[in-house]
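Reader: I would like to learn how to read a few features of a model of a complex. Please take them one at a time.

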Amino acid sequence: MSRFGTRPGTRRQRGATLPAVLGLTAALAITVAVSLTVARGGVTSAAHLGRADIAIQAADAGVNRYISRLVEDPRYYDRWVDQAEDPRVDPAGVVHPPGSPWIPGTPWTYVGPPQTQIPLQDARFGSATYSLRISPPTVGSDIVTVQAQARVDAAGPRPQVRTVQAQIAPVSIADFQMISNKEIKYGSAATTTGKLYSAVSVNHLGVATAPVFAQQKVCSEPTTVECGSHYYGSDVFRAGAYDSASTPSFSDKFPTPIDFSQFTRSVNDLRDAAQHGGVYRNNPSVTAWLVQFRSDGTMRIHRATSLKIDQALSSLSCPEIVPVPENGAVFFEQPVIVSDGSSLVDACGGRGPRDSVVDGRVTIATPGNLYIGGNIAYETSGDDVLGLIATQSIIFTQYTPRDTTVRAATLAQNGQWITSLTSYDGKHESLTYIGSQTTNQGGYASMFRTRTYGYDEVLQFLRPPFYPIIEGSWENRYWREVRAPS
Amino acid sequence: MGIAVAMAFAIALYSFFFSGLDAANTHQSQTRAQNGLRTAVELLSRDLRQAVSPDGGINGGIMSLNATSLVVHVDPNRDPAATVPKPLRVRYRLLGEQLVREVARPIGAAPPYSYTAYSPPVVLVEPLRNGATPLFQAFTRQGAPLASPVAQTRDITTVRIRLIAGQKTGLQATTTELSTDVTLRNTARY
């Protein structure tokens, strides 16, 4: 027997261990490979989501950049092609690169896919850039539409492109049912549906379905006008009440309280627009102007004489008929009366009353008092709107009808919002006011036996032309992701 | 002796195999949990970011929010020309151990819309192990937390989403957590 010969019995071993080891190892290898593939998929997916998030943030940065421009200059879009904007093409086909000045009032288009790419960062997921496209407000609207497209890792194998569209607009004082620099009190029968603001206090005994803001106190106290304590109960304040002691507080909502002196800018803009394409009247010999809006889109303007405008009119000239101006600006340097509830006959034989039906979007302003002498309605709700701005007071005259209905946004910049008489005179049963009231020195309407105040929801999206906005209040109205422009 | 060596070798081999299998199972369980959470957080973030008033600003984009439930209005339309929202009503809530998403569709041509009943729930994460940790928490513009349930949803500017999902680490039940803060873009300042 050889020294190296086969030992007895070993011939029956079939080498099963090796295949078993190989099999198990192979199975394990497959398991590990699958596991690693799944893990790698997870990492890839996480990176993909990370890039997508950065793209959204970059696009949002573009929107915010443009908002900051509009806060500085509300008509920025009409004066400049922004540095981050795609080149604009004017109606003559001339291309205006980013950063160039723009001729106000000129429409524009964009051609092809986004071209301008403003770099924002170059971090872990690759460089992020964005470009902007701007749509100016349509007639009668404030909404500037900003479309921001952002790219992340554009040169990489898996670039991410996201597009955001934001409709941005300023907050108008007509977004509020009532703004007052004095205390406000509503009775137990009152249901207010618009936002209320007071630089002092709001004492509400009824129900407020929209938010209420008072710089000092919000309450519901029947025995006083000013608030003695704070009350925010949802039985009265259904949509929240904010004052010096609430969370959030008044100052959280209004870091800078509304400053009535800032409205002068709107009045000046309106005067300027009235002189350039609007309706502008300045005749020092005229006591007051009487305006009647007609449902055919025109206005009748009379020269009025009166010893006391709030009490009675003495005479009216023949009416001058003018269309409601396209730019919506009407300015009278002398006091103005809107509508006439009397039966006074004018110099051409026309007899009152002269109720107004507004067809168009228009704001009347005057540096003096603005008088409301009769009913005011809109021809088409949701399409027409009227703003009335008095640098002094808004006054309801004694020749308003027994039952008066007025729909308008009104501003008494330095004065009050009042009726001619301080108490019921037996001739004025009801006042129904639908709109927005802004008054510096508070007011009353006690000449009418019953008063009903409602907010006009249309004012939320239809600001009367040149009606003041709250300084620096540009914000997103509708922000969303959209498909990328082709 | 040979048998002993072979057995030791086999035990080592099987141990190696089963530990590999455990690692793979752990990996799979964790990946599944993380993917579920990631998808849920992404969906929630997207809906919250774009939450929009269903009635032109009278009410906010968030209809209600408490620790385990959130109802938002969101319009998924991506057409740049569709500039007026007609939002869906989307409800996220904890249903047993599941985070589910349900959708109600608007009825009517213009606001205020009425809404259909909610669709059958779609499970986003399972099992959810938040326990006493709130899934949703709301904050004001100044970062102050709002009590749950939020009384005035108009005050909500930021929502914190915190999801804790169950997973397996070997044979042990563990959890994984994903959290993010989402700032609503369509909130009214006043």
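The dialogue below covers confidence, the shape of one chain, the interface and one sheet.

Author: This is a predicted model, in which local features need pLDDT of at least 70 and side-chain atom pairs count only at pLDDT 80 or more, while totals for chains, interfaces and linings use all residues. Residues are numbered from 1 along each chain as its sequence is written, and chains are lettered from A and ligands numbered from 1 in the order in which they are written.

Reader: What is the mean pLDDT of chain B?

Author: pLDDT is the predictor's confidence in each residue, from 0 to 100. Where it is low, the predicted coordinates should not be read in detail. For chain B the mean is 91, and 100% of the residues reach 70 or more. The complex as a whole is given an ipTM of 0.88 and a pTM of 0.81.

Reader: How is the radius of gyration of chain B to be read?

Author: The radius is taken over C-alpha atoms and set against a globule rule, 2.2 Å times the number of residues to the power 0.38. For a compact globule of 190 residues that would be near 16 Å, but chain B has 23 Å. Along the principal axes, the C-alpha atoms of chain B fill a box of roughly 85 × 35 × 30 Å. Buried residues (20 or more other C-beta atoms within 10 Å of their own, C-beta atoms being placed from the backbone) make up 29% of chain B.

Reader: Which secondary structure does chain B have?

Author: Helices (H or I, at least four residues) and strands (E, at least two) are DSSP runs, numbered from the N terminus. Chain B has 1 helix and 10 strands, with the helix coming before the strands from the N terminus on.

Reader: How many residues of each chain are in contact?

Author: Two residues are in contact if their C-beta atoms, placed from the backbone, lie within 7 Å. By that test, 38 residues of chain A touch 36 residues of chain B. On the chain A side, α1(A) gives the most, with 14 residues.

Reader: In what order do the strands of the open sheet in chain A run?

Author: Two strands pair if DSSP finds at least two bridges between them. Here 3 strands of chain A follow the order β8-β11-β14, with parallel pairing. β8 (184-186) and β14 (217-219) of chain A are at the edges with a single partner strand each, so one side of each has no neighbour in the sheet. β8(A) and β11(A) (residues 201-204) pair over 3 bridges, and I184(A) stands opposite V202(A).

Technical notes
Buried ≥ 20, exposed ≤ 12 C-beta atoms within 10 Å, placed from the backbone.
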